[in-house]
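Here is a brief report on one protein model. It covers enclosed space, charge pairs and ring contacts.

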Amino acid sequence: MATARHPRPPELEHASLEDIAARYVGRFRDKTPDWAAFEDARIEGFKRAQHRFIGAGGSGKHDDASAIPARGFTLSIMYVEPGQGNAAHTHEVEEVFFVLQGFLDVFFEDEAGNKAWRRLAPWECAACPPGVIHGYENRSLEPVYFQVMLGRAQPELMGYASDDLFQKRDAHLTSSPRN
């Protein structure tokens, strides 16, 4: 007989194994790419699709019932076409990019606008510390799929380095979706 060495969280104390398996398994085939997950995704050069698996990431879309409930981190898969990326930004927590397919160019930026670029190939990652300006671009000729993790269940919205984007960083949450 098996013994659980740690208690279940209160919301799962009486849940059946089938209920747990149904709620805590995410399948890519069941995900709808969200092309309006972030405010900067409306801008040419920053277009990308988020597939939410655990929590909402930095999108702020915490009401996504298709995502596994987040406890201590979030996990999404991003799809980015060649020539697209995201705007320079920060987070209050660590953000990790882990490339699954394709190539991704990531950058770390200082407040003077200087950038250090690194190309990530499949099975390579970059960890972006809290408060460090960073971002990415697909500078290759093929689409890229990569995993993004943020170190909090409900992280704040992206802290865009651009004042204009920062001022309207939540506009995508109140306007109609463009999926």
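The report below starts with the cavity and the pocket, then turns to side-chain contacts.

**Cavity and pocket**

The model is predicted, and side-chain atom pairs count only at pLDDT 80 or more. A search of the whole structure turns up one cavity of 30 Å³ or more. The largest cavity holds about 130 Å³ of space. Its lining is made by 17 residues, and those closest to the centre are Phe-38, Gly-58, Met-78, Glu-95 and Val-148. Three elements give two or more residues to this lining: β2 (74-80), β4 (95-101) and β9 (144-150). By residue class, the cavity lining divides into eight nonpolar, seven polar and two charged residues.

The largest pocket encloses about 200 Å³. It is lined by 15 residues; closest to the pocket centre are Asp-34, Arg-52, Lys-61, Asp-64 and Ser-66. What classes make up the lining of the largest pocket? One residue is nonpolar, seven are polar and seven are charged.

Four residues from the centre of the pocket return in the charge pairing. Asp-34, Arg-52, Lys-61 and Asp-64 are linked in a network of salt bridges. Asp-34, Arg-52, Lys-61 and Asp-64 are also among the residues closest to the centre of the largest pocket.

**Salt bridges**

Side chains of opposite charge can pair when their charged atoms come close. How many salt bridges does a search of the whole structure find? The count is 11. Three of them are listed here.

| Pair | N to O distance |
|---|---|
| Glu-11 and Arg-71 | 2.8 Å |
| Arg-42 and Glu-39 | 3.1 Å |
| Asp-164 and Lys-168 | 3.7 Å |

Take the salt bridge of Glu-11 and Arg-71, at 2.8 Å from N to O. Glu-11 sits in the segment before α1 (17-23), and Arg-71 in the loop between β1 (49-54) and β2, so the pair ties together parts that are 60 residues apart in sequence. Arg-71 has 48% relative accessibility, so it counts as partly exposed.

Next comes the pair of Arg-42 and Glu-39. Are these residues buried or exposed? Arg-42 is partly exposed because its relative accessibility is 29%. Glu-39 has 6% relative accessibility, and buried means under 20%, so Glu-39 is buried.

The third pair joins Asp-164 and Lys-168. Asp-164 is exposed, at 52% relative accessible area. Lys-168 is partly exposed, with 35%.

**Aromatic pairs**

The model has eight aromatic pairs. One of them is formed by Trp-35 and Tyr-79: the ring centres lie 6.0 Å apart and the planes stand at 85°, so the pair is edge-to-face. This pair links distant parts of the chain. Trp-35 is in the loop between α1 and β1, and Tyr-79 is in strand β2, 44 residues away. Trp-35 is partly exposed, with a relative accessible area of 28%. Tyr-79 has 14% relative accessibility and therefore counts as buried.

A further pair is Tyr-136 with Phe-146: the ring centres are 4.9 Å apart and the planes are at 80°, so this pair is edge-to-face. Tyr-136 lies in strand β8 (residues 133-137) and Phe-146 in strand β9, so the contact ties together parts that are 10 residues apart in sequence. Both Tyr-136 and Phe-146 are buried.

Ring pairs also build a cluster. Phe-28, Trp-35, Tyr-79 and Tyr-145 are its linked members. Trp-35 and Tyr-79 thus appear both in the cluster and in the edge-to-face pair described above.

**Charges over rings**

Which ring does the charged end of Lys-31 sit over? The ring is that of Phe-53, with the charged end 5.0 Å from the ring centre. Lys-115 lies over the face of Phe-107, at 4.2 Å from the ring centre.

Lys-31 has another relation worth noting, to Gln-50. The two are 19 residues apart along the chain, and their C-alpha atoms are separated by 9.3 Å. Gln-50 belongs to strand β1. With 2% relative accessibility, Gln-50 counts as buried.

Technical notes
Residues numbered from 1 in each chain as written. Predicted model: local features only at pLDDT ≥ 70, side-chain atom pairs only at ≥ 80, totals over all residues. Heavy atoms only, no water. 1 Å grid on protein atoms, 1.4 Å probe; cavity = no way out; pocket = protein on both sides within 12 Å on 5 of 7 lines; lining within 4 Å. Points joined across faces, edges and corners; volume = space filled by probe spheres on them. Helix = DSSP H or I, 4+ residues; strand = E, 2+ residues; numbered from the N terminus. Nonpolar A, V, L, I, M, F, W, Y, C, P; charged D, E, K, R; others polar. Salt bridge = Lys/Arg side-chain N within 4 Å of Asp/Glu carboxyl O. Buried < 20%, exposed > 50% of the residue type's maximum accessible area, 1.4 Å probe, protein only. Phe/Tyr/Trp six-rings, centres within 6.5 Å; stacked < 30°, edge-to-face > 60°. Lys NZ or Arg CZ within 6 Å of the ring centre and 35° of its normal.
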